[in-house]
Amino acid sequence: MGVAHVFVSPVPPTDQTRCHDGAGRETPCPGSGQDAAFSHAAGRHAPRFAAVGTGLVQDTATGLVWPVDAGIAGFPMPWDNALAVAARMAADAVLGRTDWRLPNRRELRSLVSYGQVRPSLPAGHPFENVFAGWHWTSTTAAPAPAYAWYVHFEGGRMFYGKKDQDCLCWPVAGQSLLPRTGQAWCRDAAGREVACAGTGQDGELRSGTPWPTPRFVPAPTGREGVLDRVTGLVWAVRADAAQGMATWEEALAVAARYQGGGWRLPNINELESLVDAGCAAPALPAGHPFAAVGEVYWSATTSAFDPAWAHALYLHKGAVGVGVKAGRDFLVWPVAGPLS
């Protein structure tokens, strides 16, 4: 079995290459402050997927191994069943792997391309039988433990659904080199706390790179902010640069001129990297150093589904959704530093 040459970043690429204004009209990227304006600085992963065995591909952006057949687990099923199917695939050494698991929320989201829709997977992807619907993750929703996180592959949203409803299962294998989600406990389908051993849940496996301690430290001299040692990104200490709600175009402008320049509006994957899936209201690590933390934040990532909308992070929950760019509905949290 071959091994792909992997270029792992703690923040997966968004794959966005086009820019659109607040009305959804395509516009030049240089100077716009939008996600795609910085794509030249991001590590491009070409080819993104490499065959590593019959029916298997490795994602060179994350190191994860996925079955080419996205429908390998069969029909939609409740969350407990999805965990059991992945465990059975490991026990049966399906496709020669004994390390199958239900992906955690960060692992499953890493497949999402914000430049594509129906499905929201990278252009030229090798997958077959992809259904543009909700797919389970192994991560329980901290705001509502009878629910688990799932990802929608029509446009890249992530929310949580009741564990007894039927959704799809796309198992993953391989060592995850993405950061952990932060979840360290387990809950059953009714939301009751259970021992993690043998559950296959995110809280048991804790797949991914451990967070450094402390995770957040003062930014290097010359920049007022907080360095996240997981990603190398520097965040504004005050998570409300506009001092209230802003439209998307206002958010881009506020972030660009923050502290006299050198900052920007984060892309949606950078925003999501802050989330601690073990916490809620806000979904940030306990003891975080940020002030004026609110509910919903604009990202610099336009919705490929409708370019008059942009992606946003619902930070009290940890969800990824969208908002109308023209609405003065969301907050602004500037970032500086490396891109994915």
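Tyr147 in strand β7 has Lys162 in strand β8 as its bridge partner. These two strands, β7 (residues 147–152) and β8 (residues 158–162), pair in the antiparallel sense over 5 bridges. Their hairpin has 5 residues between the strands, and in it Gly156 takes a positive phi near 95°. Do keep in mind, as you look around, that this is a predicted model.

**A covered hairpin**

A second hairpin joins β14 to β15, this time through 6 residues. Strand β14 (296–302) pairs with strand β15 (residues 309–314) in the antiparallel sense over 4 bridges. If you would like a landmark for the pairing, Trp298 stands opposite Ala312 in β15.

How many of the residues of β14 are buried? The count is 7 of its 7 residues. Both faces of the strand are covered: Val296, Trp298, Ala300 and Thr302 are buried on one side, and Tyr297, Ser299 and Thr301 are buried on the other.

**Leu284, ahead of β14**

The loop between α5 and β14 holds Leu284. Is Leu284 buried or exposed? Leu284 counts as buried because its relative accessibility is 2%, under the 20% cut-off. Leaving aside neighbours within four places in sequence, Leu284 is in contact with Leu274, Asp276, Cys279, Phe290, Val293, Leu315 and Trp333. For a sense of how the chain folds back here, Leu284 and Lys317 are 33 residues apart in sequence and 9.6 Å apart in space, C-alpha to C-alpha.

**Arg264 and its polar partner**

Another loop, the one between α4 (248–257) and α5 (268–272), contains Arg264. Arg264 has a relative accessible area of 7%, so this arginine is buried as well. What lies 3.5 Å from a polar atom of the Arg264 side chain? It is the backbone oxygen of Pro338.

**An open sheet of four strands**

Strands β11, β12, β13 and β17 form an open sheet in the order β11-β12-β13-β17, with antiparallel pairing. β11 (216–218) and β17 (335–336) stand at the edges and have a single partner strand each, so one side of each is left without a neighbour in the sheet. Within the sheet, 2 bridges join strand β12 (residues 226–228) to strand β13 (residues 234–235). One residue pair to look for is Val226 with its bridge partner Trp235 in β13.

**Two pockets**

The two pockets are set side by side here.

| Pocket | Volume | Lining residues | Closest to the centre |
|---|---|---|---|
| Largest pocket | about 320 Å³ | 21 residues | Asp15, Thr17, Tyr114, Gly115 and Gln116 |
| Second largest pocket | about 160 Å³ | 16 residues | Leu83, Ala87, Gly198, Thr199 and Gly200 |

How do the linings divide by residue type? The lining of the largest pocket has 6 nonpolar, 11 polar and 4 charged residues. In the second largest pocket, the lining divides into 8 nonpolar, 4 polar and 4 charged residues. Which element gives the largest share of the lining of the second largest pocket? Helix α1 (residues 79–91) does, with 5 residues.

How values were computed: Residues numbered from 1 in each chain as written. Predicted model: local features only at pLDDT ≥ 70, side-chain atom pairs only at ≥ 80, totals over all residues. Heavy atoms only, no water. Pairing = 2+ DSSP bridges. Buried < 20%, exposed > 50% of the residue type's maximum accessible area, 1.4 Å probe, protein only. Polar contact = N/O pair within 3.5 Å; in protein donor to acceptor, adjacent residues only side chain to side chain. 1 Å grid on protein atoms, 1.4 Å probe; cavity = no way out; pocket = protein on both sides within 12 Å on 5 of 7 lines; lining within 4 Å. Points joined across faces, edges and corners; volume = space filled by probe spheres on them. Nonpolar A, V, L, I, M, F, W, Y, C, P; charged D, E, K, R; others polar. Contact = heavy atoms within 4.5 Å.
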